[in-house]
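Here are my notes after a first pass through the model you sent over. I've kept them as numbered points so you can reply to each in turn.

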Amino acid sequence: MDFTILTKSWENISKHNEIHPSASKVEISVVEEILKIRLPDSFQALFNYSNGLSILEGNLNVVPLKSGDYFNLVTMTSQLREWGKVIPEEILAFGDNGSDSTFGVWLEKNSLSDSPIIEIGAIYDSHCLAIAGTSLFNFLLGWTAYYSLLLEVNSKALDIIQLPSELRFKAHEMEDEHFEAIRKWADPNLPIFNPDPYEQKYDVSQVREILARSAT
């Protein structure tokens, strides 16, 4: 996992991104103490790069650690629960897709070696989860590749993440199967390559079972 691959790619599509100053180790430690968790290494690397961000024209947003006008990492999960959204205790919400879906990191131990990413649909029901990534890096890699193609960014950004030429689809051609092919490249161990919380409709026990199988 080399986050510089992603960050260098983002910096080559800067007009589509909003990158903030990095968070310090102290700031991260304070938030961990408040939440009574240890953030996965991948999230520490992300916040060390940018304390919250909005990339790819708002198609992926990560909340800041503790400040922010709307949500932050400390308050987001509890606030969504107060509003009636069903977020299991195993999940910490950290961002969204700029539309209906919320993204969270699975914090329960004994699943995969890294911390999987869970997509939570807008339906206020316990059966509205999908596994969006086996790790933060793989999830971000696939998301960056797909939306970079849709936004027709410069090819250097795609070269940095080493997107194969056969996956460099034209924006006007992009459909679900293209997203599926890109995610298969970015995250080959993903249980379903076109995850959708409205189709899979997993609850927390199903997610736990799938992750346990994937870890064996």
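1. Helix 3 (residues 41-49) is a good place to begin: in this predicted model, helix 3 lies across strand 1, strand 2 (53-55), strand 3 (60-62), strand 4 (91-96), strand 5 and strand 6. Against strand 3, helix 3 runs at about 90°. Helix 5 also lies across part of the sheet, in this case strand 3, strand 4, strand 5, strand 6 and strand 7, and runs at about 145° to strand 3.

2. Now the sheet itself. Seven strands make up an open sheet in the order 1-2-3-4-5-6-7, paired antiparallel. Strand 1 (18-19) and strand 7 (129-133) each have a single partner strand and sit at the edges, so one side of each has no neighbour in the sheet. Don't read that as strand 7 lying bare, though: five of its five residues are buried.

3. On the pairing around strand 6, I'd follow the register through I120. Strand 5 (residues 102-106) pairs with strand 6 (residues 117-120) in the antiparallel sense, over four bridges, and T102 has I120 as its bridge partner. Strand 6 and strand 7 also run antiparallel and are joined by four bridges; there, I120 stands opposite L129.

4. Next, helix 5, which covers residues 136-150. Its 15 residues should span 21 Å at 1.5 Å a residue (counting one less than the number of residues), and the end C-alpha atoms are 21 Å apart, so the two agree. Of those 15 residues, 14 are buried, so the helix is largely enclosed by the rest of the structure. Just after the helix, E152 has a positive phi of about 55°, so if you're checking the backbone, have a look there.

5. What does the largest nonpolar core look like, and which residues touch the most other members? The core has 65 residues, and the ones with the most contacts to other members are L73, F94, I117, L136 and F139. Helix 5 gives the most to this core, with ten residues. As general background, nonpolar side chains tend to be buried together in soluble globular proteins.

6. L73 deserves its own point. Leaving out residues up to four places away in sequence, L73 touches V31, L35, L39, F47, V63, P64, L65, L92, A93 and F94. One of these, F94, is also among the residues that touch the most other core members.

7. Last, the aromatics. There are twelve aromatic pairs in the structure. In one of them, the rings of F103 and W143 have centres 5.3 Å apart and planes at 80°, so the pair is edge-to-face. F103 is in strand 5 and W143 in helix 5, 40 residues apart, so to speak a link between distant parts of the chain. F103 counts as buried at 0% relative accessibility, and W143 does too at 4%.

8. Which way do the rings of Y146 and F179 meet, stacked or edge-to-face? Their centres are 3.9 Å apart and their planes at 20°, so this pair is stacked. This pair also links distant parts of the chain, with Y146 in helix 5 and F179 in helix 7 (residues 176-186), 33 residues apart. Y146 is buried at a relative accessible area of 10%, and F179 is buried at 9%. Taken together, F103, F139, W143, Y146, Y147 and F179 form one aromatic cluster.

Note on methods. Residues are numbered from 1 along each chain as its sequence is written. This is a predicted model: local features need pLDDT of at least 70, side-chain atom pairs count only at pLDDT 80 or more; totals for chains, interfaces and linings use all residues. Side-chain values use heavy atoms; hydrogens and water are left out. A nonpolar core is a set of buried Ala, Val, Leu, Ile, Met, Phe, Trp, Tyr and Cys residues joined through side-chain atoms within 4.5 Å. Buried means under 20% relative accessible area, exposed over 50%, partly exposed in between (1.4 Å probe, protein chains only). Helices (H or I, at least four residues) and strands (E, at least two) are DSSP runs, numbered from the N terminus. Contact means heavy atoms within 4.5 Å. Two strands pair if DSSP finds at least two bridges between them. Axes are lines fitted to C-alpha atoms, for helices over the stretch in contact, and angles run from 0 to 180 degrees between N-to-C directions. Rings of Phe, Tyr and Trp (its six-membered ring) pair if their centres lie within 6.5 Å; planes under 30 degrees apart count as stacked, over 60 as edge-to-face and the rest as tilted.
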